[in-house]
Amino acid sequence: MCSPSLAVIFTQVRNCRLVSLLDLTLEKEYVRDKITDYLNNLIHIGVAGFRLDASKHMWPGDIQVIIRRLDNLNTQWFPNGSRPFIFQEVIDLGGDGISVSEYFGTGRITEFKYGAKLGTVIRKWKGEKMAYLKNWGQGWGFMPTDRAIVFVDNHDNQRGHGAGGDSILTFFESRLYKMAMGFMLAHPYGFTRVMSSYSWDTNDWIGPPSYSNGSIKAVTLNEDTTCGNGWVCEHRWRQIKNMVIFRNVANGQALTNWWDNGENQVAFGRGSAAFIVFNNDNWDMDVTLNTGLPAGTYCDVISGQKKESYCTGKQIIVSSTGSAQFKISSSAEDPFIAIHVNAKL
């Protein structure tokens, strides 16, 4: 039995319906104009960018024509000449006739291999170790860093839908999830996306927390700034929120001072701006490492955070040579430490 040619696969994927969804004829000028007008109207009221769902099922050339016709962002909120941020959902785990590289010219692309492989490493499945993350990124077969949108999980694969499989980490496994999020936000590869969810039980197709009349429940805030009423709000977790700050502080700084024990204890810095240490082994960690940071006392933004002149969590002392001692218990709920120059006491 002959296999279909790539040309046939491309046509079927991009010209035919995706499940029961109607297919728009994007090659027609009328359709292009209607879509362009709609997106430009959103830009004029302040929208900064767009996620293109199921881009794999659209011809790259058709997408490019529409994107090129978009207006610059509204100067009421954005600098003059700013362009909309575009990223495209393209599931490419390898072995498929359609490659993410076909969409490089339009915008960023979802790197679905990222969360699947990072989840496998953090879980220590298939003999994977965090020490192997030394060449994380393109060294693992990912797309170029300036094209990639990366994420630990998304709204589909956190429910077992779409790409990634069982290795995908979610808020249901919060200890491992926080480590994976910490690594992603500390590492310079890709443009990161943080998930913010609501909870569900056995029905993974269920909508957001709602009352019996169908109205959606309010997002309530707990004293520790996490959410209640069925809302998970991972972006509000102290560890994740503070790692977003870490990433902003380290922006533009290269990965430096990599260290590992050959197993699942690793550390690395971001120039002279930030440093992070993980202990994903089954034994305690006690090491002295070169951080690359200026001398001083720093607040660990994972166990706590800086408040004026004091720290609510652990304090890390960096010596005049840039070295510091790190102790992390293998049983800690958050077995990693992160410091940066803005958390210096």
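Which residue stands opposite Gly-269 in β10? In this predicted model, the partner is Phe-275. The views below start from that part of the structure and then move on to other spots.

**View 1. An open sheet built from four strands.** Reading across the sheet, the order is β8-β9-β10-β17, and the pairing is antiparallel. The edges belong to β8 (255–260) and β17 (336–340), each of which pairs on one side only. From one strand to the next, the twist averages 10°. As general background, strands of a sheet pair through backbone hydrogen bonds, either parallel or antiparallel.

**View 2. The β8 and β9 hairpin, with four residues between the strands.** Look in the turn for Gly-262, which has a positive phi of about 85°. Four bridges hold the antiparallel pairing of β8 with β9. To pick out one of these pairs, find Trp-259, whose bridge partner in β9 is Ala-267.

**View 3. The β9 and β10 hairpin, with three residues between the strands.** Here the turn contains Gly-271, with a positive phi of about 60°. Strand β9 (residues 265–270) and strand β10 (residues 274–279) run antiparallel and are joined by six bridges. Walking along the pair, you'll find Ala-267 opposite Val-277, Phe-268 partnered with Ile-276, and Gly-269 opposite Phe-275.

**View 4. Strand β9 and strand β10, residue by residue.** In a regular strand, side chains alternate between the two faces of the sheet. In β9, Gln-265, Ala-267 and Gly-269 point one way, while Val-266, Phe-268 and Arg-270 point the other. How many of the six residues of β9 are buried? Six of the six are, so this strand is mostly covered. β10 gives a similar picture: Ala-274, Ile-276 and Phe-278 point one way, and Phe-275, Val-277 and Asn-279 the other way. Six of the six residues in β10 are buried too.

**View 5. Where β10 meets β17.** Five bridges link β10 and β17, again in the antiparallel sense. One pair to look for is Ala-274 with His-340, its bridge partner in β17.

**View 6. Two helices packed on the sheet.** Helix α5 touches β9, β10 and β17, and its direction makes about 150° with that of β10. Helix α6 also touches β9, β10 and β17, with its direction at about 45° to that of β17.

**View 7. Helix α5 against helix α6.** Two packed helices are described by the angle between their axes and the distance between the axes. For α5 (residues 174–186) and α6 (residues 238–250), the angle is about 10° and the axes are 9 Å apart. That angle is why α5 is called roughly parallel to α6. On the α5 side, the contact uses Tyr-177, Lys-178, Met-181, Gly-182, Met-184, Leu-185 and Ala-186. Across from them, α6 brings in Gln-239, Ile-240, Met-243, Val-244, Phe-246 and Arg-247. Sorted by type, the residues of this contact come out as nine nonpolar, two polar and two charged.

**View 8. Thr-291, in the loop between β11 (285–290) and β12 (296–299).** Is Thr-291 buried or exposed? Thr-291 counts as buried because its relative accessibility is 0%. The side chain of Thr-291 reaches the backbone nitrogen of Leu-293 at 3.0 Å. Leaving aside residues up to four places away in sequence, Thr-291 touches Asn-257, Gly-271, Ala-274, Phe-275, Val-318, Gly-322, Ser-323, Ala-324 and Phe-326. Some of these should ring a bell from the earlier views: Gly-271 sits in the turn of the β9 and β10 hairpin, and Ala-274 is the residue whose bridge partner in β17 is His-340.

**View 9. Pro-60, in helix α3 (residues 60–68).** With a relative accessibility of 11%, Pro-60 also counts as buried. Pro-60 and Tyr-103 are 43 residues apart in sequence, yet they sit 5.9 Å apart in space, C-alpha to C-alpha. Besides Tyr-103, Pro-60 touches Arg-14, Glu-102 and Thr-106, not counting residues up to four places away in sequence.

Key: Residues numbered from 1 in each chain as written. Predicted model: local features only at pLDDT ≥ 70, side-chain atom pairs only at ≥ 80, totals over all residues. Heavy atoms only, no water. Axes fitted to C-alpha atoms, helices over the stretch in contact; angles between N-to-C directions. Parallel < 35°, antiparallel > 145°, perpendicular 65-115°, else oblique. Contact = heavy atoms within 4.5 Å. Nonpolar A, V, L, I, M, F, W, Y, C, P; charged D, E, K, R; others polar. Pairing = 2+ DSSP bridges. Buried < 20%, exposed > 50% of the residue type's maximum accessible area, 1.4 Å probe, protein only. Polar contact = N/O pair within 3.5 Å; in protein donor to acceptor, adjacent residues only side chain to side chain.
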